[in-house]
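Trainee: Got a minute? I'd like to go through this one with you, starting with the surface.

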Amino acid sequence: APRRTTAAQRRALLAWCRVTPIRILSEWIASVVSQLATLGAWGAVLFVGLYVIASVAMAPAFVLTFAAGAVWGLWRGSILVYIGAVLGASADYFLTARLVRTRVITWIDREPRLAAVRRAVAEQGVWLMFLLRLSPLVPFVQLNYVLVLSGVRYRDYVVATLGMWPTIVMYVYYGKVVGDVAALAAGVAPPRGTEYYVLLVVGLVATIVASTMITRGAKKAMTI
């Protein structure tokens, strides 16, 4: 008679199914970045292009961030990641704005509560987006699309990317410490020092403040 799978086995199988595609993609990205490291200046240019593609495709850009530290070191890696992140965010903005933003905003505005939240995000501008970017708890790529669909201005959207610097520097630093792109892709956990937990607390506070701003702005918009 066939053996019955236990609940724990089913959970493990589901977890494996979720993790394995990410692991395979991460290992592929790591191998590509390792090859780019041998190409000199062109490798850096191609790395930025790969980051843009990852942003548009919603691929795990964090692997690229770690890899930049392992390959190019702290400051050069951080600069390359930031350039790639800004260009990727810009690509997300213009692609989304051109293809679906008007339709989605029209659909959102049919529901008063959703419309109030959207207007709150758009009206709070740079400061709110900066706080959201500052938080490592908010995924970078997904946030790009959420902000674009909220109808924010491109200028504010780009300026707010400055909030990504602390998280970028921290993750690139961890990549530099590990120093092995393949190990990072295989899931080797980088050391988490005091700066990690400080940034985590700062990010949590920034998320709470941003959420409060959105809530207050939405309530105000609904009363107008």
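Mentor: Sure. Accessible areas here come from the Shrake-Rupley method with a 1.4 Å probe, and for residues only the protein chains shown count as cover. On that basis the protein exposes about 12,700 Å², with carbon and sulfur atoms supplying 67% of it.

Trainee: Before I go on, what kind of model is this?

Mentor: This is a predicted model, where local features need pLDDT of at least 70 and side-chain atom pairs count only at pLDDT 80 or more, while totals for chains, interfaces and linings use all residues. Residues are numbered from 1 along each chain as its sequence is written, and side-chain values use heavy atoms, with hydrogens and water left out.

Trainee: OK. How many helices and strands are there?

Mentor: The protein has 11 helices and 0 strands. Those are DSSP runs numbered from the N terminus: H or I of at least four residues for helices, E of at least two for strands.

Trainee: And what share of the residues is buried?

Mentor: Of the 224 residues, 42% count as buried, meaning under 20% relative accessible area (over 50% is exposed, in between is partly exposed; 1.4 Å probe, protein chains only).

Trainee: Let's do packing. How do α2 and α3 cross?

Mentor: The axes of α2 (residues 41-57) and α3 (residues 61-72) come within 10 Å and cross at roughly 165°. Axes are lines fitted to C-alpha atoms, for helices over the stretch in contact, and angles run from 0 to 180 degrees between N-to-C directions. So α2 and α3 are roughly antiparallel to each other; the cut-off for that is over 145 degrees, with under 35 roughly parallel, 65 to 115 roughly perpendicular and the rest oblique.

Trainee: Which residues of α2 and α3 make the contact?

Mentor: Among them are Phe47, Leu50 and Tyr51 of α2 and Leu64, Ala68 and Trp72 of α3. Contact means heavy atoms within 4.5 Å.

Trainee: What about α6 and α7, how do their axes cross?

Mentor: Helix α6 (residues 126-134) and helix α7 (residues 140-149) have axes that come within 11 Å and cross at roughly 160°. The contact uses Met129, Leu132 and Arg133 of α6, and Phe140, Leu143, Asn144 and Leu147 of α7.

Trainee: Switching topic: is Ser55 buried or exposed?

Mentor: Ser55, which lies in helix α2, is buried, with a relative accessible area of 0%.

Trainee: What is Ser55 in contact with?

Mentor: Leaving aside neighbours within four places in sequence, Ser55 is in contact with Gly88, Asp92, Phe140, Val141 and Tyr145. The C-alpha atoms of Ser55 and Asp92 are separated by 7.2 Å, and the two residues are 37 residues apart along the chain.
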